[in-house]
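Q: Hi! Could you take one part of this structure, look at it closely, and tell me what sits around it? I'm in my first year, so please explain the terms as you go.

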Amino acid sequence: MGFSLVGHGAIAKERYLPLAMGQPIVEANSALIAQGWRPYSEQVPQNFDIQLSGLNLPSLRSCSATGMGFCRYDYHRNGQYLSVVTIPSATSRLSSGMVERWW
């Protein structure tokens, strides 16, 4: 899974983003949408990405089938871009992820 932001413009530098480590991505997604962030993806995720993530959010970009099982979700707002990375919940690798980091 690539984490390159080449050509993406400004990275989100807000003081407050409604994100916390360990937060379910579904909750984080809802909070971001409420703040005006919109899903941003340059590519449609493949079926295995959707299966690994456990859901099909429009912001899903890709998932890693190896290692920690990271999934990446991308958003944009007012010329800024935000990427949120999740890891599988402790109960199941094939379930919606928990926020691990963002930039």
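A: The protein has two helices and six strands; helices here are DSSP runs of H or I with at least four residues, strands are runs of E with at least two, and both are numbered from the N terminus. Reading along the sequence, you meet them in the order β-α-β-α-β-β-β-β. A quick word on the source: this is a predicted model, where local features need pLDDT of at least 70 and side-chain atom pairs count only at pLDDT 80 or more, while totals for chains, interfaces and linings use all residues. Residues are numbered from 1 along each chain as its sequence is written, and side-chain values use heavy atoms, with hydrogens and water left out.

Let's pick strand β4, which runs over 71–77. Start with Cys71: Cys71 and Cys63 form a disulfide, with sulfur atoms 2.0 Å apart. The rule for a disulfide is a pair of cysteine sulfur atoms within 2.5 Å, and by that rule the count is one. In general, a disulfide is a covalent bond between the sulfur atoms of two cysteines. The torsion about the S-S bond of Cys63 and Cys71 is about 110 degrees, so this disulfide is right-handed. Both Cys63 and Cys71 are buried; buried means under 20% relative accessible area, exposed means over 50%, and partly exposed is in between, using a 1.4 Å probe and protein chains only. Of the 103 residues of the protein, 41% count as buried.

Next up are the charged residues. Asp74 forms a salt bridge with Arg72, the closest N and O atoms being 2.8 Å apart, and another with Arg61, where the closest N and O atoms are 3.3 Å apart. A salt bridge here is a side-chain nitrogen of Lys or Arg within 4 Å of a carboxyl oxygen of Asp or Glu, and the structure holds two of them. The pair of Asp74 and Arg61 links distant parts of the chain: Asp74 is in strand β4, Arg61 in strand β3, and they are 13 residues apart. Arg61, Arg72 and Asp74 are thus one network of salt bridges. Are these residues buried or exposed? Asp74 is buried at 2% relative accessibility, Arg61 is buried at 13%, and Arg72 is buried too.

Now for the tyrosines. Tyr73 lies in strand β4 and is buried, with a relative accessible area of 0%. Not counting residues up to four places away in sequence, Tyr73 touches residues including Ile25, Leu57, Arg61, Leu82 and Val84; a contact means heavy atoms within 4.5 Å. The C-alpha atoms of Tyr73 and Tyr40 are separated by 8.1 Å, although the two are 33 residues apart along the chain. Tyr75, with that sequence limit again, touches residues among them Ile25, Leu32, Trp37, Tyr40, Tyr81 and Leu82.

Tyr73 and Tyr75 also belong to the largest nonpolar core, which has 17 residues; Leu19, Ile25, Leu32, Leu82 and Val84 join these two tyrosines as those with the most contacts inside it. Such a core is a set of buried Ala, Val, Leu, Ile, Met, Phe, Trp, Tyr and Cys residues joined through side-chain atoms within 4.5 Å. The elements giving two or more residues to this core are α1 (25–34), β3 (60–63), β4 and β5 (80–87).

Two of the residues that Tyr75 touches, Tyr40 and Tyr81, bring us to the aromatic rings. The whole structure holds one aromatic pair: the ring centres of Tyr40 and Tyr81 are 4.9 Å apart and their planes are at 65 degrees, so the pair is edge-to-face. Rings of Phe, Tyr and Trp (its six-membered ring) pair if their centres lie within 6.5 Å; planes under 30 degrees apart count as stacked, over 60 as edge-to-face, and the rest as tilted. Tyr40 lies in the loop between β2 (38–39) and α2 (47–53) while Tyr81 is in strand β5, so the pair ties together parts 41 residues apart in sequence.

Finally, step off the strand. Asn78 lies in the loop between β4 and β5, and it is exposed at 73% relative accessibility. Asn78 has a positive phi of about 50 degrees although it is not a glycine.
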